[in-house]
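Please walk through this structure from its sheet out to its helices. The sequence and the model are shown first.

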Amino acid sequence: MSSAPSAVLDSACGARVLVVDDEALVGRAVARVLGKRHDVAVATSGREALALLEGGREFDLVLCDIMMPGMDGMDLYRTVAERHPGMTDRFVFLTGGAFTLEAEAFLAATKVERIIKPFDSAALRLLAAARARR
């Protein structure tokens, strides 16, 4: 096993992460995985996430479920793209792998990185470390 991943984690701590998922268990799981090294906020809806994003809090990484009731991840991304275009590069979608045709087309068009549920904890840690403010 290489020591490179732990070296990355040790040198790049402190990402501000917003987790957006309508499944509270998923949000808590991600917060538990990342919370020791990073500042993690959890929103259980797209509207709640938008309020956080527009309320003055800064986030280095937005881990967002794509399929949610109400304002889904696609709607949240589009709204953020219109209002705060520089923030869209902070999005990574959490997906369950089952998509509507609209979601498939959206993911293909935006080319936003995604993590498939169930997620790998080590991959989440590396992602957050890479996005940490320096």
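Is L50 buried or exposed? The model at hand is a predicted one, and in it L50 has a relative accessible area of 10%. The cut-off for a buried residue is under 20%, so L50 is buried. L50 belongs to helix α3. Leaving aside residues up to four places away in sequence, L50 touches M71, L76, T79, V80 and R83. A further distance can be given for Y77: the C-alpha atoms of L50 and Y77 are separated by 9.4 Å, and these two residues are 27 residues apart along the chain.

The sheet comes next. It is an open sheet of 5 strands, with parallel pairing and the order β2-β1-β3-β4-β5. Strands β2 (39-43) and β5 stand at the edges with a single partner strand each, so one side of each has no neighbour in the sheet. On average, and with direction ignored, neighbouring strands of this sheet are turned by 20° against each other. Strands of a sheet pair through backbone hydrogen bonds, in either a parallel or an antiparallel arrangement.

At the β2 edge, strand β1 (residues 16-20) runs parallel to β2 and is joined to it by 5 bridges. Within this pair, L18 stands opposite A41 of β2. Helix α3 (residues 46-54), the helix that holds L50, packs on the sheet and touches β1, β2 and β3. The direction of α3 makes about 160° with that of β1.

Further along the order is strand β4. How many of the residues of strand β4 (residues 91-95) are buried? The count is 5 of the 5, so β4 is largely enclosed by the rest of the structure. In a regular strand, side chains alternate between the two faces of the sheet. In β4, F91, F93 and T95 point one way, while V92 and L94 point the other way. Both sets of residues are buried.

Strand β4 has a pairing with β3 and another with β5. Strand β3 (residues 61-65) pairs with β4 in the parallel sense over 4 bridges, and V92 in β4 is the bridge partner of L63. The pairing of β4 with strand β5 (residues 114-116) is also in the parallel sense, over 3 bridges. Here T95 stands opposite I116 in β5. The strands β3 and β4, with helix α4 (residues 73-83), make a right-handed β-α-β unit.

The remaining step concerns helices that pack on one another. Two packed helices are described by the angle between their axes and the distance between those axes. For α4 and helix α5 (residues 101-110), the angle is about 40° and the axes are 11 Å apart. The crossing of α4 past α5 is left-handed. On the α4 side the contact is made by M74, Y77 and R78, and on the α5 side by E102, A103, F106 and T110.

A second helix pair is formed by helix α2 (residues 24-34) and helix α6 (residues 121-131), which pack at an angle of about 65° with their axes 10 Å apart. That angle makes α2 roughly perpendicular to α6. The crossing of α2 past α6 is right-handed. In this pair, V30, V33 and L34 of α2 meet S121, L124, R125 and A128 of α6.

Note on methods: Residues numbered from 1 in each chain as written. Predicted model: local features only at pLDDT ≥ 70, side-chain atom pairs only at ≥ 80, totals over all residues. Heavy atoms only, no water. Buried < 20%, exposed > 50% of the residue type's maximum accessible area, 1.4 Å probe, protein only. Helix = DSSP H or I, 4+ residues; strand = E, 2+ residues; numbered from the N terminus. Pairing = 2+ DSSP bridges. Right-handed = clockwise from strand over helix to strand, strands pointing away. Axes fitted to C-alpha atoms, helices over the stretch in contact; angles between N-to-C directions. Contact = heavy atoms within 4.5 Å. Parallel < 35°, antiparallel > 145°, perpendicular 65-115°, else oblique. Left-handed = near helix turned anticlockwise from the far one by under 90°.
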